[in-house]
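Here is a short briefing on a two-part question: how the pieces pack, and how they meet. Read it with the model open.

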Amino acid sequence: MTVAVVQFGGSNCDRDAVRALEHVGVDAERVWHEDGLPADADGIVLPGGFSYGDYLRAGAMAARSPIMAEVRAAAEAGVPVIGVCNGAQIGSESGLAPGAFTTNASARFQCEPVHLRVERADTPWTAAYEEGDVIEVPIAHGEGRFEIGEAARADLVADDRVLFRYCDADGNATEDANPNGSTDNVAGVLGERESVAVLMPHPERATLPDLGRSTDGAGILEAFA
Amino acid sequence: MTAYTATVTVRLKRGVLDPEAETTQQALERLGFDLEDLRSADRFEVDLDAADADEAAARADEMAERLLANPTIHDYEVAVAER
């Protein structure tokens, strides 16, 4: 399994993602977007950062770059794809996942640890957890507020495609535990296939034991193992 | 062909929270202005040549659909004028 970590101009979590993936035993390499997707990529990470300076909207430019057509085709063929932070914004903007991530309710950039409740444990991304588990993973974003139209929100819930919700340490998805004003406390969702996911929190920053508070994010990256 | 400017205005759908507009409103109020509400929008002025105004509008419309607006959160309108 070689995972392609797609690097755009302004990506800045690509090296962290590679290192965290290697820590959980997954071969990973950075791929410059202009070089296209390697034929042997059997997993794809859209990493965090500020691709194209967040011009227009976060992720809007990268979502329309040629490599994303290849990423969408790979996703449709069943290749696992995860978008983290700016990668989640790119994923939503490119139609890989429903909804949109926009300006935090606070109107500020927020960099802080948050708790997430695992809403589905029967996906590749959450096989390491039990449904209802509470994990601690950091966020670092200014545009992470999940928005989705009411009809699409109802579909999202009916289809059980919410993967993680922001919650307190006891697993309650309260308003106080919602760092950015996301609809229904949504922190991460599945695409049309369960092999595609986007989330604003950074699992690669909660994987290496030396980095500090939590290694709870490692289980998400183990999807590629 | 005629030279047109297509003006695409992209704004948040009604009911979608606009923290930047709220912050801007608060700053205006701090400056002593009295206002009921404030909404912000992005305006794109696209210069293009087209056979007629309808074609210019159709092309600008597609630009909005495919890039300038995000249909999940935005409404947009297109206005075309000869340049």
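Two strands pair if DSSP finds at least two bridges between them. β10(A) and β11(A) meet that cut-off, because three bridges join them. The model is predicted. For the complex, the predictor gives an ipTM of 0.91 and a pTM of 0.96.

**Strands around β10(A)**
- Strand β10 of chain A spans residues 186–190. It is mostly covered, with five of its five residues buried.
- β10(A) and β11(A) run antiparallel. A hairpin of five residues links β10(A) to β11(A).
- Strand β9 of chain A, residues 162–167, is also joined to β10(A) by three bridges. These two strands run antiparallel as well.
- A:G188 has a partner in each of these strands. A:F164 is its bridge partner on the β9(A) side. In β11(A), A:G188 stands opposite A:L199.

**Helix α4(A)**
- Helix α4 of chain A covers residues 86–93. Eight of its eight residues are buried, so the helix counts as mostly covered.
- The buried residues are A:N86, A:G87, A:A88, A:Q89, A:I90, A:G91, A:S92 and A:E93.
- What do they pack against? The partners are β3 (41–46), α2 (60–63), β4 (81–84), β5 (100–102) and β11 (196–199), in chain A.
- Just after the helix, A:G95 takes a positive phi of about 85°.

**Nonpolar cores**
- The largest nonpolar core holds 73 residues. Those touching the most other members are A:V5, A:V6, A:L21, A:I44, A:V71, A:L116 and A:L199.
- A:L199 thus appears twice in this briefing: in that core list, and opposite A:G188 in the strand pairing.
- Which residues does A:V71 contact, leaving aside neighbours within four places in sequence? They are A:V6, A:L37, A:I44 and A:V81.
- Another core lies apart from the largest one. It has eleven residues, including B:A6, B:V8, B:A64 and B:V78.

**Chain B and the contact**
- Chain B has a mean pLDDT of 97. In this chain, 100% of residues reach 70 or more.
- How many residues does each chain bring to the contact? Chain A gives 16 residues and chain B gives nine residues.
- The side of chain A that touches chain B is mixed by class: five nonpolar, seven polar and four charged residues.

Terms used: Residues are numbered from 1 along each chain as its sequence is written. Chains are lettered from A and ligands numbered from 1 in the order in which they are written. This is a predicted model: local features need pLDDT of at least 70, side-chain atom pairs count only at pLDDT 80 or more; totals for chains, interfaces and linings use all residues. A nonpolar core is a set of buried Ala, Val, Leu, Ile, Met, Phe, Trp, Tyr and Cys residues joined through C-beta atoms within 7 Å. A residue is buried if 20 or more other C-beta atoms lie within 10 Å of its own, exposed if 12 or fewer, and partly exposed in between; C-beta atoms are placed from the backbone. Two residues are in contact if their C-beta atoms, placed from the backbone, lie within 7 Å. pLDDT is the predictor's confidence in each residue, from 0 to 100. Ala, Val, Leu, Ile, Met, Phe, Trp, Tyr, Cys and Pro count as nonpolar, Asp, Glu, Lys and Arg as charged, and the others, Gly among them, as polar. Helices (H or I, at least four residues) and strands (E, at least two) are DSSP runs, numbered from the N terminus.
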